[in-house]
Amino acid sequence: MEIHELDRLGDEIAELSAHLEAATAHLLDLIREFDARAGWNTGFRSCAAWLAWRVGLDPGAARERVRVAHALGTLPLLARALARGELSYAKVRALTRVATPETEERLLALGRAGTAAHVERIVRGWRRVDRQAEARETARRHASRALHVYQDDDGMVVLRGRLAPEVGALLVQALAAAREALYQRSREKDSDTSPPDVSAETPTMAQQQADALALLVETALHSGIDPGAPVERYQVVVHVDGPVLADPDAPGQSVLEDGTHVSAETSQRLACDASRVVMRHAADGQVVEVGARTRTIPPAIRRALHHRDRGCRFPGCGLRFGQGHHIRHWAHGGPTTLSNLALLCRRHHRAVHEEGYQVDRHPDGELRFRRPDGRLLPEVPPPAAIPADPVQALRARHDAQGLRIHARTASPGWLGERLDVGWAIDVMHPLAG
Ligand SMILES: [Zn+2]
Ligand SMILES: [Zn+2]
């Protein structure tokens with residue numbers, strides 16, 4: 001008697017599990033659509049960050065859900081098997097790490113036949129073959145890099161070569177910059193002096209590229225072959241008029257070192273947590289006084305800030321590395337004190353300065369974030385509505401969809417024979433052997 005009862009209990013576990021797998025397929029469809037329509041883009045850095053915040057998944061599991069949801073968008077057979085409760089999420093998760101539309105059918109058969117442990121082992125072996133194939137391909141490409149330089153009969157020098165993709169990207173970028181420098185300048189000069197019709201004189205793209213390469217070579221030899229320290233290359237200097245920092249609508253300007261204008265909001269963000277050197281200009285632009293370089297946030301306060309906030313304080317973020325944000329900007333007279341500072345990651349520092357998100361600190365010390373439309377963005381979302389009997393609701397919905405789910409729906413076809421991973425991959429992987 002008790003045996004029968006336990007059998008029933010086991011069947012019920014198996015059946016409900018299959019229902020949950022089918023419901024998971026539906027959940028993944030919703031996540032895919034939500035992501036495609038950027039429904040999470042309300043201050044969160046990604047769909048996974050939103051999921052972690054809204055449904056309490058740990059960040060790794062949230063990223064995995066989003067990954068699987070996307071993968072299933074291109075793998076209809078696996079998606080259908082999950083939606084029918086025939087394949088567990090664990091198996092689908094493993095299979096989507098390697099499946100492509102070409103290999104999906106074979107891998108589905110494997111998923112149906114084997115246990116979750118079999119699937120996991122085969123997927124690991126499969127990835128090894130994928131990685132080896134990819135490494136061979138990368139090595140082959142790298143070995144084929146070449147630059148041939150030779151002189152033609154008429155004395156012109158001919159170039160022919162193959163560059164690694166990242167080197168090629170650098171070259172294209174450098175040529176574009178050199179072309180811009182050469183032809184921007186000459187266009188500016190021409191527009192003052194030349195008649196409008198100079199099309200006959202305008203060099204072709206190929207000619208411009210040749211001139212650009214000449215400029216690159218001259219520049220390299222002139223300044224010495226030294227790529228420079230990365231900090232020097234990426235340092236950004238903003239010149240900003242004092243009144244603009246306090247009030248974006250004030251007359252004045254914010255410009256980068258090369259003359260590019262940035263918005264007043266951007267310069268406020270950059271100034272929020274920065275080294276600053278105050279230069280006073282006379283009316284004619286002459287610098288009359290240069291102050292000492294000071295950190296906006298002194299090291300001791302920064303340490304205390306990191307200790308208190310631990311990471312970005314934006315709801316659902318928590319990223320460890322952050323910038324100190326002045327809740328009331330120092331240019332408005334906001335003090336650099338712990339109560340006026342909050343740690344925000346780069347993404348969310350931008351959100352509060354440039355995207356209309358608001359943050360203030362209430363007298364009880366809590367931070368309150370608002371969306372650009374003024375709605376509160378709570379640290380913890382309101383709980384979802386749950387039917388009184390969620391299991392019954394799930395069964396009823398699957399019945400209505402015509403799904404016949406029972407205790408054997410997700411059973412593998414495996415009969416206990418030994419698994420030969422190497423052999424299985426040899427017969428199934430398109431690149432094996
Ligand atoms: Zn700030
Ligand atoms: Zn953040």
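**Group meeting: salt bridges, a helix, a patch and a small sheet**

So, let's start with E355: this residue is partly exposed, at 32% relative accessible area. Keep in mind that what you see is a predicted model. The salt-bridge partner of E355 is R347, and the closest N and O atoms of that pair are 3.5 Å apart. R347 is partly exposed as well, with a relative accessible area of 22%.

How many salt bridges does the structure hold? The count is 16, and I'll pick out a few more.

Take E354 and R269, where the closest N and O atoms sit 2.5 Å apart. E354 belongs to helix α14, residues 346-354, and R269 to helix α12, residues 264-272, so this pair ties together parts that are 85 residues apart in sequence. Is R269 buried or exposed? R269 counts as buried, because its relative accessibility is 8%. E354, at 24%, counts as partly exposed.

Next up is E120 with R97, whose side chains meet in a salt bridge at 2.9 Å, N to O. Here E120 is in helix α7 (116-143), while R97 is in the loop between α5 and α6 (104-113), so the bridge ties together parts 23 residues apart in sequence. Both ends are partly exposed: E120 has a relative accessible area of 26%, and R97 comes in at 27%. And before I leave the charges, E64, R67 and R93 are linked in a network of salt bridges.

On to helix α1. This one runs over residues 2-36, so you have 35 residues in it. From first C-alpha to last, α1 reaches 51 Å, which is close to the 51 Å expected at 1.5 Å a residue. Which residues of α1 are buried? The list is A18, H19, E21, A22, A23, T24, A25, L28, I31 and D35. While you're looking at those, remember that an α-helix has 3.6 residues a turn, so residues three or four places apart point the same way. What covers the buried residues of α1? The cover includes α2 (47-55), α3 (59-73), α4 (76-83), α5 (89-95) and α15 (390-400). If you follow the chain out of α1, you get to A38, which has a positive phi, near 55°.

Now the surface. There's a nonpolar patch made of L147, V149, V157, L159, L163, V167, L171, L213, V217 and L221, and together they have about 880 Å² of accessible area. Where does the patch come from? At least two residues each are supplied by β1 (146-151), β2 (157-162), α8 (165-193) and α9 (205-223). The largest share is from α9, with 3 residues. For one member up close, look at L147: you'll find L147 in strand β1, and L147 is exposed, with a relative accessible area of 60%.

Last stop, a small piece of β structure. It's an open sheet of 3 strands in the order β11-β12-β13, with antiparallel pairing. Which strands stand at the edges? Those are β11 (358-361) and β13 (376-377); each has a single partner strand, so one side of each is left without a neighbour in the sheet. Between β11 and β12 (residues 367-370) there are 4 bridges, and the two run antiparallel. If you want a spot to check the register, Q358 stands opposite R370 in β12.

Key:
Residues numbered from 1 in each chain as written. Chains lettered and ligands numbered in written order. Predicted model: local features only at pLDDT ≥ 70, side-chain atom pairs only at ≥ 80, totals over all residues. Heavy atoms only, no water. Patch = residues over 30% accessible without salt bridge, like charges linked within 9 Å, V, L, I, M, F, W, Y side chains within 5 Å. Areas by Shrake-Rupley, 256 points an atom, 1.4 Å probe, with all protein chains shown as cover. Salt bridge = Lys/Arg side-chain N within 4 Å of Asp/Glu carboxyl O. Buried < 20%, exposed > 50% of the residue type's maximum accessible area, 1.4 Å probe, protein only. Expected span 1.5 Å × (residues − 1). Contact = heavy atoms within 4.5 Å. Pairing = 2+ DSSP bridges.
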